Amino acid sequence: IKGFLNLELSPAYWQAFIAGMLTKPGFGRLPRNGRKVMVEYSSPNTNKPLHLGHVRNCLLGWSCSRILDAVGYDVVKVQVINDRGVAICKSMVAWQKWGEGKTPAASGIKGDHLVGDFYVLFEQKSREEYEAWQQTDAAQSIFQEKRKPEQSDKDFFKDYKNKWFNDHSLLGAEVREMLRQWEAGEPATVERWKQMNGWVYDGFDKTYADLGVEFDKLYYESDTYLLGKDIVDEGLANGVFFRKEDGSVWVDLTDAGHDQKVVLRSDGTSVYITQDLGTARMRYKDFGCERMVYVVADEQNYHFAVLFEVLKRLGEPYAAGLHHLSYGLVELPTGRMKTREGTVVDADDLMAEVLRIAREQAMERSDNQANEDDLRKIGLGALKFFMIKVNPKRKMIFNPEESVDLQGQTGPYIQYSYVRINGLMQRVARENIDLSPAAQYTDFQPQEKELLKALHEYPATILTAANDYDPSHIANYCYNLAKTYHRFWHDLSIFQAQSPEARAFRLELSKAVGI
């Protein structure tokens, strides 16, 4: 009459709900929808090991692939490995000049770490060369001629470094020559490239296995960097692109809030977006995925906005299903990482650190030696949960000590709830407790209703996470469910419940939470 309607769900509804959860496998999952989605994540360079940023990338991509699978998609997990270019040649030049034939097998160093060490060494040697060059007459002449009045010598030479590397550096000349030899297919250079990349791939595979992620298909930039030129020709023919007087080809995106973007240089060479156009089409031909999700840091927001707009204008059949899962940088409490200075936190070291902390905490809590497999589950559970509990768009600080804490919003806190429930179920089996009276229980307490409502929200939470491409919905749901269960555990007796019906129902409710 006055615009308010109070509803109460009947005990029979909740009984049917719990019975369905416990008897039908796959609660919360939707049936297969016959549609395909591709998720691209990781996509590292082969001049260094995977690092802290890759860990966030991998876990976001892997989690999203699992969530999209849960809502009915056939998911294809891929990565594009950046295995060519200047950065890779820097590692190769350093190994050739100062490596003394060192190999992963002979040195006992993991292959991706060994190659990464040579990349850092190259940057150190290059910095030394640049500092020495700045004292030469040639450098001082350039400084006097090109320095702006407001620039200090330090600022000038900081800004001039790339120009120096390309025009004056002897190491830079060696890198460019090696890249030229590789592109020309010079046998010795290609063989060295294959050897060093092979070391890196072996290292990557070990890291991925430890992290618990995998891929269905690997693409390599060495195979894709020439793709897209046929698309440029098509775009010119149908008026999507235009050619300037110098021969370069552009697309005008000013009406979409962007600017004009080059898609082919005047010398006929491609740019990154050209390669990405070709790669997108190739992958569609490979798998026919109507949706493609690119997990790439927010530094590339502009690139993907332009890429998606161009693909839409080209009329690609998958253009409406493209999504950039943009994420913020991840740092340690000590600050940002810098690859060139060798201060990057490697993914392997990060995993080793959380395992070390888990081991120490386990020893503090128990006199018994903890099972190494269990410690691994605790440590990696801590790492994974901490990484995905934050909305991807936000920057985050990963604190290894905080992540393994049993108190608060952490993976081990949630695992502890599961361990508690497993203990209950073991006792049920050991004492052969009859759970059939649960169906007669109707006097639901507020704590039980809260748990029932939380369980009921699970399917909708998965759907929201899939629609938003945001695993933090699942992570935070799990934390809130664990917190609600701890209140239930604290406030209500299970084995000493007031009736067999209440005891059986609370055990079934616990089992459902565990699932």
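Let's begin at the surface: the protein exposes about 26,000 Å², and carbon and sulfur atoms supply 49% of that area. What you are looking at is a predicted model. Its C-alpha trace spans about 95 × 60 × 50 Å along the principal axes. Of the 515 residues, 50% count as buried.

Charge comes next. The protein carries 64 positive and 73 negative side chains, and the centres of these two sets lie 3 Å apart.

Now for the fold itself. The secondary structure comes to 22 helices and ten strands. Contacts reach across the sequence too: among those between residues at least 6 apart, 75% join residues at least 24 apart.

A good place to look next is an open sheet built from five strands, which follow the order β3-β2-β1-β7-β8 with parallel pairing. At its edges stand β3 (217-220) and β8 (322-327); each has a single partner strand, so one side of each is left without a neighbour in the sheet. On average, neighbouring strands of this sheet are turned by 25° against each other, direction ignored.

You can zoom in on one pair of strands here. Strand β1 (residues 36-40) runs parallel to strand β2 (residues 74-81), and five bridges join the two. Within this pairing, E40 stands opposite V78 in β2.

Finally, a helix joins the picture. Helix α2 (residues 52-70) packs on the sheet, where it touches β1, β2, β7 (291-297) and β8. The direction of helix α2 makes about 140° with that of β8, the strand we met at an edge of the sheet.

Terms used:
Residues are numbered from 1 along each chain as its sequence is written. This is a predicted model: local features need pLDDT of at least 70, side-chain atom pairs count only at pLDDT 80 or more; totals for chains, interfaces and linings use all residues. Side-chain values use heavy atoms; hydrogens and water are left out. Two strands pair if DSSP finds at least two bridges between them. Helices (H or I, at least four residues) and strands (E, at least two) are DSSP runs, numbered from the N terminus. Axes are lines fitted to C-alpha atoms, for helices over the stretch in contact, and angles run from 0 to 180 degrees between N-to-C directions. Contact means heavy atoms within 4.5 Å. Buried means under 20% relative accessible area, exposed over 50%, partly exposed in between (1.4 Å probe, protein chains only). Accessible areas come from the Shrake-Rupley method with a 1.4 Å probe; for residues, only the protein chains shown count as cover. Lys and Arg count as positive and Asp and Glu as negative; His and the chain ends are not counted. The place of a charge is taken as NZ of Lys, CZ of Arg, CG of Asp or CD of Glu.
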